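These are my notebook entries on strand pairing and aromatic contacts. I begin with the strands and then turn to the rings.

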Amino acid sequence: HWENDFNDDMKALNVLPADTITRVSEYVPEVIEFVQGIINRNYAYVSNGSVYFDTVAFNNSPDHRYGKLLPEAIGDLSALAEGEGQLSIGDERLREKKSPNDFVLWKCSKPGEPHWDSPWGMGRPGWHIECSVMASAILGKTLDIHSGGVDLKFPHHENEIAQVEAYYDSDEWIKYFLHSGHLKIEGCKMSKSLKNFITIKEALKKHSARQLRLAFLSYPWNATVDYSENSMSSAKQIEKLFMEFFLNVKDIDRVYSSQTIKEEKWNSDELGLDESLRNKQNNVHRALCDSIDTPTAMKELRELINLSNSYIAVKRSRKQLPNARLLKKICSYIVKMLRIFGVVVDEIERTIGFPQHVSESDANKEDTVMPYLTVLADFRAKVRDSAREKNVPDLLKLCDDIRNDILPNLGVRLEDLEDGPAIKLVDRIILMKEKEMRLQALEEKRLKKEEAKKKQLELKAQQEAKMKISPNEMFLNETDKFSKFNEMGIPTHDNEGNELSGKLKKKLLKQYEAQKKLHSEYQNSLPKS
């Protein structure tokens with residue numbers, strides 16, 4: 001069940017299947033033979049029905065050294081406890097071992113535990129020996145590359161190296177170790193106790209496999225990866241950049257193919273873009289040669305798209321058709337790299353961008369529907385231009401309905417450009433979300449407009465209410481500030497009976513004159529009897 005579940009997750013993430021599947025329960029005879037071989041070379045010993053690797057004997061050998069990967073961790077009981085728990089440092093285990101650093105190759109089973117018969121009694125393979133035996137059975141005594149999480153460097157990988165080199169009496173088992181970084185959730189270690197534990201299936205309910213891959217490609221393979229709303233939002237923006245570029249190039253190629261246009265001679269724009277393509281190809285190659293630096297490689301691909309988009313914009317501003325052949329060449333390179341990274345799933349080399357297939361058929365959806373969409377788009381464009389010219393709003397609305405409501409529901413995005421309609425096949429779900437966001441933006445705009453109008457009316461009402469007040473009465477209600485007023489209603493004394501200063505009297509007189517002017521305007525606006 002769990003094996004199938006894991007394989008289903010890997011398939012959903014577009015992870016290539018393994019060449020072979022090994023299960024330790026099927027390799028117990030090989031494990032026993034391997035352990036016996038290490039005993040025969042005097043690098044292991046039997047203790048209380050278990051077999052332990054003798055790290056001291058191994059390290060004292062002139063041909064071997066224990067602790068190649070992480071020498072500073074040797075003897076660190078806390079690191080051992082984190083890696084093996086009570087299997088390694090419990091009191092019972094420590095009494096069985098010659099040295100605290102020794103590790104179990106074959107563990108004596110307790111009643112009720114899984115067990116197999118062996119020369120040392122009933123037991124089961126130790127943790128480290130499983131991987132070494134199965135890898136050696138398939139790949140031989142030397143491996144080019146061994147990968148795993150950085151937390152497995154010690155003790156697991158360290159002990160794997162020791163037991164294989166002891167068995168084969170060699171000094172090199174692995175040529176290159178690739179230790180990947182940890183996965184964190186919103187900056188925190190994934191843990192059930194923190195309630196931030198998430199499965200692959202749960203992640204795929206929120207995000208596509210393509211988006212997850214784009215997010216992971218943004219981090220170095222050996223760095224900590226943060227799965228968060230921010231990182232996934234960035235991945236979706238990157239996906240949108242690629243997708244919109246592919247859609248634009250497809251539409252340019254559609255227009256170019258549907259018309260009998262003679263391809264123009266390359267000028268400085270095409271020559272410059274082609275040179276940029278070569279530069280970016282070299283930069284991507286250098287990045288991947290530098291410890292598989294996918295963040296830099298992806299950055300170079302995004303910059304290539306930005307340069308291409310600038311080229312398209314310049315050509316359109318001059319009422320010129322961009323060079324479809326050059327843009328398809330750039331698309332082919334980008335898709336090739338995304339296919340290598342597992343972002344593009346298909347294996348059809350001629351595909352531009354993210355492929356869309358008709359259900360279970362291998363036929364390309366665009367080849368099937370694009371001729372019909374082109375006819376519809378051209379017809380609609382002519383009707384729309386005529387309706388605008390003759391000011392027929394009902395007809396214009398019908399044209400907008402086709403673009404905004406009908407076609408998106410069929411997975412088609414229609415864009416009205418100056419040089420003609422652009423037709424793009426997009427996932428219906430994406431278009432529905434775009435429609436929802438567009439309607440939401442329109443509603444927000446309407447609400448803002450209503451709010452602004454309401455405030456304007458309130459301001460106008462306040463202004464009118466203020467204009468109605470006679471200047472002779474404007475200060476009379478402010479008895480908390482003033483106690484005496486002159487014949488015009490202007491304050492002369494404060495609330496404690498003290499005469500106001502000349503400066504304050506001057507200020508109040510200025511306010512009186514301003515209100516007098518407003519009140520006069522109000523009276524003049526009233527209908528004459």
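Entry 1, hairpin. The model I examined is predicted. I looked up the connection between strand 1 and strand 2 and found a hairpin with 2 residues between them. In the turn, N48 has a positive phi of about 55°. I noted that strand 1 (residues 44-47) and strand 2 pair in the antiparallel sense over 4 bridges. For A44, the bridge partner in strand 2 is F53.

Entry 2, strand 2 and its other neighbour. I found that strand 2 is joined to strand 3 (residues 103-108) by 3 bridges, and that the two run antiparallel. The partner of F53 in strand 3 is F103. I then checked the side chains of strand 2 (residues 50-53): S50 and Y52 point one way, V51 and F53 the other way, and all are buried. In a regular strand, side chains alternate between the two faces of the sheet.

Entry 3, rings around these strands. I recorded one aromatic cluster formed by Y43, F53, F58 and F103. I also looked at Y45: the charged end of K98 sits over its ring, 4.5 Å from the centre.

Entry 4, aromatic pairs. I found 10 aromatic pairs in the structure. In one of them, F34 and Y168 meet edge-to-face, 6.2 Å centre to centre with 80° between the planes. This pair links distant parts of the chain, with F34 in helix 2 (residues 28-40) and Y168 in helix 8 (residues 153-168), 134 residues apart. F34 is buried at a relative accessible area of 3%, whereas Y168 is partly exposed at 26%. I also noted F245 and F246, a tilted pair at 6.1 Å centre to centre and 50° between the planes. Both F245 and F246 are buried.

How values were computed:
Residues are numbered from 1 along each chain as its sequence is written. This is a predicted model: local features need pLDDT of at least 70, side-chain atom pairs count only at pLDDT 80 or more; totals for chains, interfaces and linings use all residues. Side-chain values use heavy atoms; hydrogens and water are left out. Rings of Phe, Tyr and Trp (its six-membered ring) pair if their centres lie within 6.5 Å; planes under 30 degrees apart count as stacked, over 60 as edge-to-face and the rest as tilted. Buried means under 20% relative accessible area, exposed over 50%, partly exposed in between (1.4 Å probe, protein chains only). A charge sits over a ring if NZ of Lys or CZ of Arg is within 6 Å of the ring centre and within 35 degrees of the ring normal. Two strands pair if DSSP finds at least two bridges between them.
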